[in-house]
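The following exercises are to be worked with the sequence and the coordinates at hand. Each task is followed by a solution in steps.

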Amino acid sequence: MVKHGLNKIARTERPGLQALIKVSGIKNESLGTRELGYGLAPKLNAAGRMGDAALGVELLLAIDPLRAEQMAEALNKGNQERQQVESKVLSEALALVEADPAIAGDKVLVLASENWHPGVIGIVASRLVDRFYRPVFIISIEEGKGKGSARSIPGFNLYQAMVSCQEHLDQFGGHAMAAGFSIHGDKINDFRRAVNGLANEVLTEEHLTPNLDLDALVNLTELSLDTVQELGQLSPFGHCNPGPILGCCQATVIHCREVGKNGSHLKMRVREDQVILDGIGFNLASYSEMLATRDSVDMAFVPSINFWNGRSSVQLEVKEFKEAGEVTPREDGSGNSREMQEFLQKALCLPEEKVMESLIPSGILQWCQGNMGDKTGKSRNRSCIQLEDHRDCPDRVAQLLQVIARGGSSLVMVESAAQALQIATLLSTRESPWCREVAVYHPLLGEAAVKQLAEHLKANRVKVLVSTAFAPFTGVEFNQTIFFHIPYHPGECDMTNWETRLLVLLGGKAQVLEAREYVQAMAPDREALAELFKRLRLKMDHQGKGQAGIRELCQCLRSFCPRAAGNTVEIGFNIFRELGLIEYSKQGNNFLFKINLNVRSDLQNSATYQRVLHSKEECLGFQQDYLSSTTEQLLQLFSRSY
C-alpha cells in the first residue's frame, strides 16, 4: 500500500496535496517515505496538536488551488510553531532531569509541568527516550489535572505497567511502546514511585543498554550505484520494514559541519581506501567534537541514492559512530541460533489446505473424536507446584510477555495450531534475549519436524515452547507453564509429559464467547444442519448428485456457527450419512455427494449427532467450573493425571 500510495501522492491532482508538497520544498520525483514522514505528515499533524485538526482535513479536500496554497502556508506556519513549542518543552524537561539526581537515577522518567502544551508531550517523550534510552512519562498539568503521554523501550510494556499502577491513574490506554493517560496532579509522585518499583523488578542493565544491530559489515568500495539500487528494491522502508543497516570500520571523516536550522544535523564526507562518499547524520551534531579529534571511526549507516543536478551518487545516512575498533561481529556460538530460526520458520508455514483445519482447538478435536484414552486416578505431588492466577487480566498478550520476560524457560499452552503460529510469531519477533530460542509444536507438524523439535528440546536449546495440548514429548522440564487459553476439558490440564515449577493461568472470562463459538462449530445444532442440507439440495442435479467446495459450505454455516471450519462441514456430512440422507466422498477441498430424497429420519438416530451434543455439554460445563474454581481446586486439577 505504501509503495503504490507514494506513487499516487507524487502524481496527485489534488490541489491540497500539491500545495503541501510545494510548501514543503519536496520534489515529486524524489517523494519517498522520509519526505512523507518528515515533510508532509508533521504539517498535517501540527494542526491537531496545536489547535484544530479540521484545517488538515480541509486542505486534503480542497478543490480551489489558491485556497489550498493559503491553507498549506497556514499548516506550515503551525508546524513551525509546534517545533518551537516542542523545543521549549524539551529544554525544560531536560532541565528537570539535570536538576534532580533522584529523577535522573530512575529507570523510568516521570516528568510533569503546568507550562507544557499537551499537543507536543508525545513527541517530547520520544525525544527523551532517544536521549536517555529508558521509558518516559510526560505530563501536562492544567488546573490540577494531568494529561500524559508515554513512550517505552523493548522489555518494558507500558500498557501492562499502567495496569499494575492503575490505582494512581484516572484513565489510560495504548500498547506496549506508546500510551496515553490522565492523572490527578497530587498522585504523580505516587505513580512515579510505583512505576519505578515495577521497573526495578523488570528492567535490567541489559534492557537499558541500546543496541544497534548491523545487517552486514562492508567496505565503502562495495557500495556501487548498482548495489545500492538493488537494496532499494526492498523499499519503501519504514518502521516495519527498516532499511538495511550496514557498518564499516576505520573510515576517515575528512570533513564535517553542522547543518539544519538549529545546527542539529551533521553533513560530512567520509573515506575508506580510495572511495569518498557524502554522508548526513540527522540529530548527530553532538558527535562533531569527537570526529574532529579522531583520524578514523567505525560507523553504522543506511545507504541511499542522492539525486542532484541530474547526477546520481551514493549517500550514507549515518546512524551512529563508535571509536575505531569498537565494532565487532557478533558470534553465533555453535550455530544453534540459526538452526533454531530456520526450524521455526519452517514450522510456521502451513499449506493452504491446512489453514482451515488449523483454527480448530486441539482439545475439542480430541474430545469429539474420542481420543482421550483412559487415564484416571494417578495423583501427583502438587506441593512443589505454585499457581499464578491472571484469569481476569485485561490484556493477555501483555501479561504473557511480562511473565516470559522474568527469565527461565517457558511452556506456553495454546488452544489451536493457528494460535500457536500466531503467538510463536509474536514472540520470535520481539527484541528480547530469548527471541532466537522460540519453538512451536502443533498437530499439523510433519513427522520429521516433530523429530527435529524433540532433538532441540533434549539439547535444551528451547527457551520458549509454544504448544497445543497432547504434544508427543515426555520428561521435558520448564520453569513455568503458561495456559494462554481456557482448557476445553480436563485432559488438556494433564501435566504428565511436562515438568514445571509454576503454573500461570491467562485464559479467563474474556475468552468465553470465542470458546463457545468454537464448541458450537464442533457440535452444529438442528438449525445449522438444516441450512447445510438446504445448500446441498440447491447444488444437486435432477439425479440428486452434486458437488460443493468446503469454503462455500463453511460460509453458509457461519450465520449459525461463526467459527465453522472444514471439520464442522464433515461432521454434518457424517450425520446425514448415518441418517441415510446422503452418500458422499471427498476429493481435496470438494465434497461429491448424492442425496436420497425419499428418506426421512430424526437427528436423534445419528450416533455422531448424539456424541457431539454430549461433548458440547461436557466442554461448556468444564469451562464454567474452571472459571469458578479456587486456586486450591485448580492446583488439584493440574496435579492429577487423567
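**Exercise 1. Determine which residues Val 412 touches, and place Val 412 within the nonpolar interior.**

Solution. The model is predicted. Leaving aside residues up to four places away in sequence, Val 412 touches Leu 400, Ile 404, Ile 423, Val 464, Leu 465, Val 466, Ser 467, Ile 482 and Phe 484. Next, consider the core: the largest nonpolar core has 59 residues, and Val 412 is among those that touch the most other members, together with Leu 427, Val 466, Trp 498 and Phe 638. A second core, separate from this one, holds 41 residues, including Val 97, Val 120, Ala 179 and Val 195.

**Exercise 2. Classify the residues of the salt bridge between Arg 193 and Asp 190 as buried, partly exposed or exposed.**

Solution. First, the pair: the closest N and O atoms of Arg 193 and Asp 190 are 2.5 Å apart. Second, the location: both residues belong to helix H9 (residues 188–202), three residues apart, about one turn of the helix. In an α-helix there are 3.6 residues a turn, so residues three or four places apart point the same way. Third, the accessibility: Arg 193 counts as exposed because its relative accessibility is 56%, over the 50% cut-off. Asp 190, with a relative accessible area of 32%, is partly exposed.

**Exercise 3. Establish which parts of the chain are tied together by the salt bridge of Glu 517 and Arg 563.**

Solution. The two side chains meet at 2.9 Å, N to O. Glu 517 is in helix H18 (residues 512–521), whereas Arg 563 is in the loop between helix H20 (550–557) and helix H21 (566–578); the pair therefore ties together parts that are 46 residues apart in sequence. Arg 563 counts as partly exposed, at 30% relative accessibility. Elsewhere, Arg 34, Glu 317 and Lys 319 are joined into one network by salt bridges that share partners. The whole structure contains 15 salt bridges.

**Exercise 4. Identify where confidence is lowest and where it is highest in the protein chain.**

Solution. Begin with the average: the chain has a mean pLDDT of 87, and 94% of the residues score at least 70. Then compare the elements: strand S2 (residues 136–142) has the highest confidence, at 96, and strand S12 (residues 378–379) the lowest, at a mean of 46. Over residues 372–382 pLDDT stays under 50, and the model has 23 contacts beyond four places in sequence for them. Where pLDDT is low, the predicted coordinates should not be read in detail.

Notes: Residues are numbered from 1 along each chain as its sequence is written. This is a predicted model: local features need pLDDT of at least 70, side-chain atom pairs count only at pLDDT 80 or more; totals for chains, interfaces and linings use all residues. Side-chain values use heavy atoms; hydrogens and water are left out. pLDDT is the predictor's confidence in each residue, from 0 to 100. Helices (H or I, at least four residues) and strands (E, at least two) are DSSP runs, numbered from the N terminus. Contact means heavy atoms within 4.5 Å. A nonpolar core is a set of buried Ala, Val, Leu, Ile, Met, Phe, Trp, Tyr and Cys residues joined through side-chain atoms within 4.5 Å. Buried means under 20% relative accessible area, exposed over 50%, partly exposed in between (1.4 Å probe, protein chains only). A salt bridge is a side-chain nitrogen of Lys or Arg within 4 Å of a carboxyl oxygen of Asp or Glu.
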